[in-house]
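Work through the exercises below with the structure open. Each task is followed by a solution in steps.

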Amino acid sequence: MERISTEIARVSFRNPVFLASGIWGESGLSLARAYKDGAGAVITKSIGPVPREGYPNPTVVELGDWGLINAMGLPNPGIESYKEEIAIARKGGAAVIGSLFGANPEEFAAIAKAMEESGAVSLELNLSCPHAKGLGSEIGQDPKALSEVISAVKKSVRIPVWAKLTPNTHDVAALAEAAAKAGADAVAAINTVRAMAIDSKAMRPILAHGLGGMSGPAVKPIGLACVWQIYERVKIPIVGIGGIATGEDAFEYILAGASAVEVGTALAQKGAGLFREVCNGLDAQLKEHGFSNLKEAVGAAQCPLCPPCKGSRRKGIASAHGA
Ligand code: SIN
């Protein structure tokens, strides 16, 4: 499917529909399986410096058509043992993006290096988990702390570095701008939206941790707005995340300014056939709207094809972004 192949920071991908972090990323075999099932790339679980158990159950609340709230607490086996899983996924043919978190720039840099050595083709820095003490968005909401992490990682690896941003901020584009200035090659937006559920009978939060992060259909409008605002402010590529379950959802993110998308929550309901379904749907949307490739459509909604400019402003916007 030539029309939907994409490129994020010098790395080419066969299609722009990626497996999001935290879904099926426990093992190299499950990552390789998602790639065989049609994902354009697979993003690992977020991996930290040492093994971490995460929060006690319950860690997930299902909210029907809205999506779900999770608070896993970044459980992972630590980079030392996870390196092997990346190598297995690579051997299985997958384009692997390593997702990682740390408490400081040094931890991020060390994990990044290990992931690069294991074969990751790019890295996604988790600067956005909405509820882990001293980690994730506690770092990523502060442009200075976010920049320090990105600079340190950029010094330790040669592969492209994406910053995964939080929507739990008053100005997501400012975070993207800080990331780009610090050397990030791309940004991914959004991580989950801070949320919670209360059991009125028990008069207690449902999640053991209390606060969690919302994902699924309800957050798509928030993700789209963040991608839109980021596209207006920075020129590095954007990977769109949040509530994507159809080709049309993916097309909307592309029109807002994304060059690829990640799917996560919808996989739980629809299964692995979702990758091909979203790719086919996106391809059909591009064709229907007269785009000969995905790049032409990136950010196209930023300038409607209105009679006064006949799309010339749109071409200007696209070329300012390197199209
Ligand atoms: C979790 O492990 O609780 C979720 C991770 C994230 O939201 O980044």
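A polar contact is a pair of N or O atoms within 3.5 Å. The model used here is predicted.

**Exercise 1. The ligand's polar contacts**

Find a backbone N or O atom that lies 2.7 Å from an oxygen atom of the ligand, and name its residue. Then find the polar side-chain atoms at 2.8 Å and at 3.1 Å.

Solution.
- Step 1. Start with the backbone. The atom belongs to Leu 74, and the distance to a ligand oxygen is 2.7 Å.
- Step 2. Turn to side chains. Asn 126 places a polar side-chain atom 2.8 Å from an oxygen of the ligand.
- Step 3. Asn 191 supplies a side-chain N or O atom at 3.1 Å from a ligand oxygen.
- Step 4. Apply the cut-off of 3.5 Å. The pairs made by Leu 74, Asn 126 and Asn 191 count as polar contacts.
- Step 5. Add the area. Taken alone, the ligand exposes 260 Å², and the protein buries 86% of that.

**Exercise 2. The site and its shell**

In which pocket does the ligand sit? How many nonpolar, polar and charged residues does its shell have?

Solution.
- Step 1. Locate the ligand. The largest pocket holds it.
- Step 2. List residues around the ligand. Among them are Asn 70, Ala 71, Met 72, Gly 73, Leu 74 and Pro 75. The list also includes Cys 129, Pro 130, His 131 and Thr 192.
- Step 3. Sort by class. The shell has 6 nonpolar and 6 polar residues, and no charged ones.

**Exercise 3. Partners of strand S14**

Which residue in S14 is the bridge partner of Ile 69, and which is the partner of Val 193?

Solution.
- Step 1. Take strand S6 (residues 68-70). It runs antiparallel to strand S14 (residues 212-215), and 3 bridges join them.
- Step 2. Within this pair, Ile 69 has Met 214 as its bridge partner.
- Step 3. Take strand S11 (residues 193-195). S11 and S14 are also antiparallel, over 3 bridges.
- Step 4. Val 193 pairs with Met 214. Met 214 is thus a bridge partner of both Ile 69 and Val 193.

**Exercise 4. Backbone exceptions**

Most residues other than glycine have a negative phi, and most peptide bonds are trans. Where does the model depart from this at Pro 58, Ile 190 and Arg 10?

Solution.
- Step 1. Check omega. The bond from Asn 57 to Pro 58 is cis, with omega near -5°. Pro 58 is in the loop between strands S4 (42-47) and S5 (60-62).
- Step 2. The bond from Ala 189 to Ile 190 is cis too, with omega near 20°. Ile 190 lies in the loop between strand S10 (186-189) and S11.
- Step 3. Check phi. Arg 10 has a positive value of about 75°. Its loop runs between strands S1 (6-8) and S2 (11-13).

Key. Residues are numbered from 1 along each chain as its sequence is written. This is a predicted model: local features need pLDDT of at least 70, side-chain atom pairs count only at pLDDT 80 or more; totals for chains, interfaces and linings use all residues. Side-chain values use heavy atoms; hydrogens and water are left out. A residue is near a molecule or strand if one of its heavy atoms lies within 4 Å of it. A polar contact is a pair of N or O atoms within 3.5 Å; within protein, one must be able to donate a hydrogen and the other to accept it, and residues adjacent in sequence count only if both atoms are side-chain atoms. Accessible areas come from the Shrake-Rupley method with a 1.4 Å probe; for residues, only the protein chains shown count as cover. On a 1 Å grid over the protein atoms alone, a cavity is a set of points where a 1.4 Å probe fits but cannot get out, and a pocket is an open set with protein on both sides within 12 Å along at least five of seven lines; lining residues have an atom within 4 Å of a point. A molecule sits in a cavity or pocket if more than half of its atoms lie within 2 Å of its grid points. Ala, Val, Leu, Ile, Met, Phe, Trp, Tyr, Cys and Pro count as nonpolar, Asp, Glu, Lys and Arg as charged, and the others, Gly among them, as polar. Two strands pair if DSSP finds at least two bridges between them. Helices (H or I, at least four residues) and strands (E, at least two) are DSSP runs, numbered from the N terminus.
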